[in-house]
Protein chains: 2
Amino acid sequence: MITIADILRKKAIADMLVRTPSDLGKLLRARRKELGLDQQTLAARVGVSRLWIIEIEKGKPRAALGFVLRTLTALGLSLDVLADDRPRATTSTPAVPDIDAVVRSARKRS
Amino acid sequence: MITIADILRKKAIADMLVRTPSDLGKLLRARRKELGLDQQTLAARVGVSRLWIIEIEKGKPRAALGFVLRTLTALGLSLDVLADDRPRATTSTPAVPDIDAVVRSARKRS
DNA sequence: ATCACTTGTCAGCGATCGCTGACATTTTCC
DNA sequence: GGAAAATGTCAGCGATCGCTGACAAGTGAT
């Protein structure tokens with residue numbers, strides 16, 4: 001359970017929710033600059049190439065999960081995963097009216 | 001900024017911090033079962049194959065970021081990224097004494 | 001304007017991805 | 001015990017990854 005103390009010990013890095021790779025990229029870049037690191041230094045700490053840092057900051061959608069988590073750690077960021085008790089008001093995204101239908105038709109095509 | 005109200009509106013899905021792909025896999029599986037979904041149904045909602053669900057739940061380290069974020073959304077989970085104000089006391093992980101050194105030697109080998 | 005530093009771009013290579021479809025195994029009911 | 005459902009496994013395919021190394025373009029300070 002997340003406690004009030006946990007909240008006070010940390011600070012939110014942004015109001016922005018992380019829903020897409022692009023969201024994450026912006027967040028990582030902001031945090032890197034906040035810490036005064038250049039891409040090369042961060043890349044070395046994470047164990048990836050500088051190119052990988054460039055691409056993740058641009059929001060590469062198929063970047064490898066493990067590298068992403070190591071990047072968060074290297075930047076002193078931690079992830080809290082929260083369950084929405086409200087059923088499904090979440091979709092503030094304009095597109096994606098019915099993901100099931102989208103997927104079905106996409107599959108049908110192949 | 002995360003407010004107290006935000007906390008009260010949601011619940012932590014686990015005490016476990018998400019630091020590794022394996023952590024995430026366990027969390028996703030727990031949440032899927034909590035919602036009473038089977039793998040096939042979840043896969044269709046996320047837009048991936050059932051095999052992908054099996055693998056992410058097993059902690060596949062190079063799974064694609066974008067799919068992971070869509071899975072979280074499909075399970076009604078949201079991500080809060082918090083910055084540790086403490087520099088680096090965080091590492092409750094036993095291993096990883098000096099990630100720079102680890103990376104350097106790994107690179108040397110190749 | 002110049003210099004140092006940082007960031008972005010490209011090609012091409014081996015490695016790994018995510019997929020299908022069928023089958024084996026495990027779990028869940030009655 | 002037995003049927004049905006859920007879950008796990010495999011091979012092999014095209015697609016995409018992440019990498020190197022070099023260079024171009026942007027940024028900042030003097």
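Let me begin with what a strand is here: helices and strands are runs assigned by DSSP, a strand having at least two residues, and both kinds are numbered from the N terminus. With that in hand, we can say that A:Leu82 has its place in strand β2 of chain A. Please keep in mind throughout that what we are looking at is a predicted model.

Let me stay with A:Leu82 for a moment. Is this residue buried, exposed or partly exposed? A residue needs 20 or more other C-beta atoms within 10 Å to be called buried, and because A:Leu82 has 19 C-beta neighbours inside 10 Å, it counts as partly exposed. If you look for A:Thr71, which is 11 residues away along the chain, you will find that its C-alpha atom is separated from that of A:Leu82 by 21 Å.

Now let us step back to the whole of chain A. This chain has 6 helices and 2 strands, and if you follow it from the N terminus, the elements come in the order α-β-α-α-α-α-β-α. Chain A holds 110 residues, and buried residues make up 25% of them. When we take the contacts in chain A between residues at least 6 apart in sequence, 47% of these join residues at least 24 apart.

Next, I would like to look at helix α5 of chain A, which covers residues 65–74. Why can we call this helix largely enclosed by the rest of the structure? We can do so because 8 of its 10 residues are buried; among them are A:Leu65, A:Val68, A:Leu69 and A:Leu72, and the list also includes A:Arg70 and A:Thr73. What do these buried residues pack against? Within chain A, their partners are α2, α3, α4 and β2, while from chain B they meet α2 and α5, so to speak across from one chain to the other. Just after α5(A), you can find A:Gly76, which takes a positive phi of about 70°.

One of those partners, α3(A), deserves a slower look. In general, two packed helices are described by the angle between their axes and the distance between the axes. For α3(A) and α5(A), the axes come within 9 Å and cross at roughly 115°, and the two helices are therefore roughly perpendicular to each other. The crossing of α3(A) past α5(A) is right-handed. On the α3(A) side, A:Leu42, A:Arg45 and A:Val46 take part, and they meet A:Phe67, A:Arg70, A:Thr71 and A:Ala74 of α5(A). By class, the residues of this contact divide into 4 nonpolar, 1 polar and 2 charged.

Turning to chain B, we can look at helices α3(B) and α5(B), whose axes come within 9 Å and cross at roughly 115°. That angle makes α3(B) roughly perpendicular to α5(B), and their crossing is right-handed. Here B:Leu42, B:Arg45 and B:Val46 of α3(B) meet B:Phe67, B:Arg70, B:Thr71 and B:Ala74 of α5(B), a contact with 4 nonpolar, 1 polar and 2 charged residues.

Going back to α3 of chain A, I would like to point out A:Gln39, which has its place in that helix. A:Gln39 is partly exposed, because 16 other C-beta atoms lie within 10 Å. Leaving aside residues up to four places away in sequence, A:Gln39 touches A:Arg50, A:Ile53 and A:Ile54. By contrast, A:Gln39 and A:Ala83 are 44 residues apart in sequence, and their C-alpha atoms are 33 Å apart in space.

Finally, let us come to the DNA, beginning with strand C. Which residues come nearest to DNA strand C? Of the 15 residues around this strand, those are A:Asp38, B:Ser49, B:Trp52, B:Arg62 and B:Ala64, so you will find both chain letters in that list. Helix α4 of chain A and helix α4 of chain B each supply at least two residues of the surface near DNA strand C, and the largest share, 3 residues, comes from α4(A). That surface divides into 8 nonpolar, 2 polar and 5 charged residues.For DNA strand D, 15 residues surround the strand, and the closest are A:Ser49, A:Trp52, A:Arg62, A:Ala64 and B:Asp38. Here too, α4 of chain A and α4 of chain B each supply at least two residues of the nearby surface, and α4(B) gives the most, with 3 residues. By class, the surface near DNA strand D has 8 nonpolar, 2 polar and 5 charged residues.

Methods. Residues numbered from 1 in each chain as written. Chains lettered and ligands numbered in written order. Predicted model: local features only at pLDDT ≥ 70, side-chain atom pairs only at ≥ 80, totals over all residues. Near = placed C-beta within 6 Å. Helix = DSSP H or I, 4+ residues; strand = E, 2+ residues; numbered from the N terminus. Nonpolar A, V, L, I, M, F, W, Y, C, P; charged D, E, K, R; others polar. Buried ≥ 20, exposed ≤ 12 C-beta atoms within 10 Å, placed from the backbone. Contact = placed C-beta atoms within 7 Å. Axes fitted to C-alpha atoms, helices over the stretch in contact; angles between N-to-C directions. Parallel < 35°, antiparallel > 145°, perpendicular 65-115°, else oblique. Left-handed = near helix turned anticlockwise from the far one by under 90°.
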